[in-house]
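Grab a coffee and open the model in your viewer. Below are some exercises, each with a worked solution to check yourself against.

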Amino acid sequence: MRIGVHPNNLHLRLARLWPGAFAELQPVFVSYAEGRDTAALLESGDINLGGTGSTPPIEADMRGLGVEYIAASAPRPANGAIFVRSDSPIGSVAELKGRRISLIDGSFHTYLLARSLEGEGMSLPDVERVESGARDALADLLEGRVDAWVAMSPRLEKALERDDVRPIVRCGAAIPNRSLFWTLQRNGLSAAEIRAIVSELSRIGTEIAADPRSAARLLASGDRSGSGDRSGSGDRGGTDIDAWEKVVRSRDFTVFPIDDEIIAEQQEEADTLLRHGHFDKPIVLKRPEMTK
């Protein structure tokens, strides 16, 4: 089983480092740069399983790739926020109209921004989205090249401790922000393989929650070793054990098999991004019982 690991999915990032993880499936962990690359790697067969936020699998389905959802995390309401400078005149999402927003477009950042704007009667075309890519998004914000910044853990936790930036919205107020674990139907994972994946994700999540300090130590050691744990987004890398422990403790590592509720959430996101013009056609997501 070729399991994709990118820096922003902590569950699989830790699984690669966790003793005995996925042993039944004879895992090969494949490192790559970011979640938006997952669909292409699944399509090429370089990986058989990936984990991302909610948006990349919808993007893949929009391309006609035939996503098969396997499992989902609990909601992670603390994992994202929109920041402005502390001295900014922007006091709320309602004042973002016409502003430049730094984000990783096509990730959960896009959905967080869309839902936040929608709550104020606006839509994505009302702001200018600026791809953060390999840039230092915090520096761009502080130096005035952008007006707001969509941040995620662990850089989010560091930003919350700063005096020169402040959040105007948090993830939990706008979106569930789950991790989704998925493949493509063409990869033909068996029912037994899917059960084994869900079981292992759940086991590892339980053990992480029971020993967050050990999980933080593994993440910090991965940063120092340069073992593919750095992200071009600047949201990863160089984080110490104490900071990683805060991140680990802030999220629920519980994992569930895919069910109708998760598919309904994904459908709501697809419909929302269609309303905002991010997608140019509707899509109807398949219920779990229809994917095999």
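**Exercise 1.** Find the residue just after helix 3 that takes a positive phi, and say which it is.

Solution. This is a predicted model, so treat every value here as computed from it. Go to the end of helix 3 and step just past it: Gly-64 has a positive phi of about 80°.

**Exercise 2.** Decide whether helix 3 is largely enclosed or not, and list what covers its buried residues.

Solution. Start with the cut-off: buried means under 20% relative accessible area. Next, go through the helix: Thr-55, Pro-56, Pro-57, Ile-58, Ala-60, Asp-61 and Met-62 are buried. That is seven of the eight residues, so the rest of the structure largely encloses helix 3. Finally, look at the cover, which includes helix 2 (38-44), strand 3, strand 4, helix 4, strand 10 and helix 10.

**Exercise 3.** Work out how helix 3 and helix 10 pack: at what angle, at what distance and with which handedness?

Solution. Two numbers describe a pair of packed helices: the angle between the axes and the distance between them. For helix 3 and helix 10 (residues 260-275), the angle is about 70° and the axes are 10 Å apart. Angles of 65 to 115 degrees count as roughly perpendicular, so helix 3 is roughly perpendicular to helix 10. Their crossing is right-handed. For the contacts, pick out Thr-55, Pro-57 and Ile-58 on the helix 3 side; they meet Gln-266, Glu-269, Ala-270 and Leu-273 of helix 10.

**Exercise 4.** Trace the open sheet of four strands and name the strands at its edges.

Solution. Read off the strand order, 3-10-4-11, and note that the pairing is antiparallel. Strand 3 (50-52) and strand 11 (255-257) each have a single partner strand, so one side of each has no neighbour in the sheet; these are the edges. On average, neighbouring strands are turned by 35° against each other, direction ignored. Helix 3 (residues 55-62) packs on this sheet, where it touches strand 3, strand 4 and strand 10 (180-184), and its direction makes about 170° with that of strand 4. Now zoom in on one pair: three bridges join strand 4 (residues 67-73) to strand 11, and Ala-71 has Pro-257 as its bridge partner there.

**Exercise 5.** Sort the residues of strand 8 by face, then find the strands that bridge to strand 8.

Solution. Side chains in a regular strand alternate between the two faces of the sheet. In strand 8, that puts Ala-148, Val-150 and Met-152 on one side and Trp-149 and Ala-151 on the other, all of them buried. For the bridges, strand 5 (residues 80-85) runs antiparallel to strand 8, with four of them; Ala-81 partners Ala-151. Strand 6 (residues 100-103) runs parallel to strand 8, with two bridges, and Ser-102 is the partner of Trp-149.

**Exercise 6.** Find which residues touch the most other members of the largest nonpolar core.

Solution. This core has 49 residues, and the ones to pick are Tyr-69, Ile-82, Leu-96, Leu-113, Leu-117 and Trp-182. Helix 4 (residues 108-118) supplies its largest share, six residues. Take Leu-96: beyond its neighbours within four places in sequence, Leu-96 contacts Ile-90, Ile-101, Leu-117, Asp-126, Val-127, Ala-148 and Ile-168. Another core, of 32 residues, lies apart from this one and includes Leu-49, Ile-194, Ile-197 and Val-247.

How values were computed:
Residues are numbered from 1 along each chain as its sequence is written. Side-chain values use heavy atoms; hydrogens and water are left out. A nonpolar core is a set of buried Ala, Val, Leu, Ile, Met, Phe, Trp, Tyr and Cys residues joined through side-chain atoms within 4.5 Å. Buried means under 20% relative accessible area, exposed over 50%, partly exposed in between (1.4 Å probe, protein chains only). Contact means heavy atoms within 4.5 Å. Two strands pair if DSSP finds at least two bridges between them. Axes are lines fitted to C-alpha atoms, for helices over the stretch in contact, and angles run from 0 to 180 degrees between N-to-C directions. Angles under 35 degrees count as roughly parallel, over 145 as roughly antiparallel, 65 to 115 as roughly perpendicular and the rest as oblique. A crossing is left-handed if the near helix is turned anticlockwise from the far one by less than a right angle, and right-handed if clockwise.
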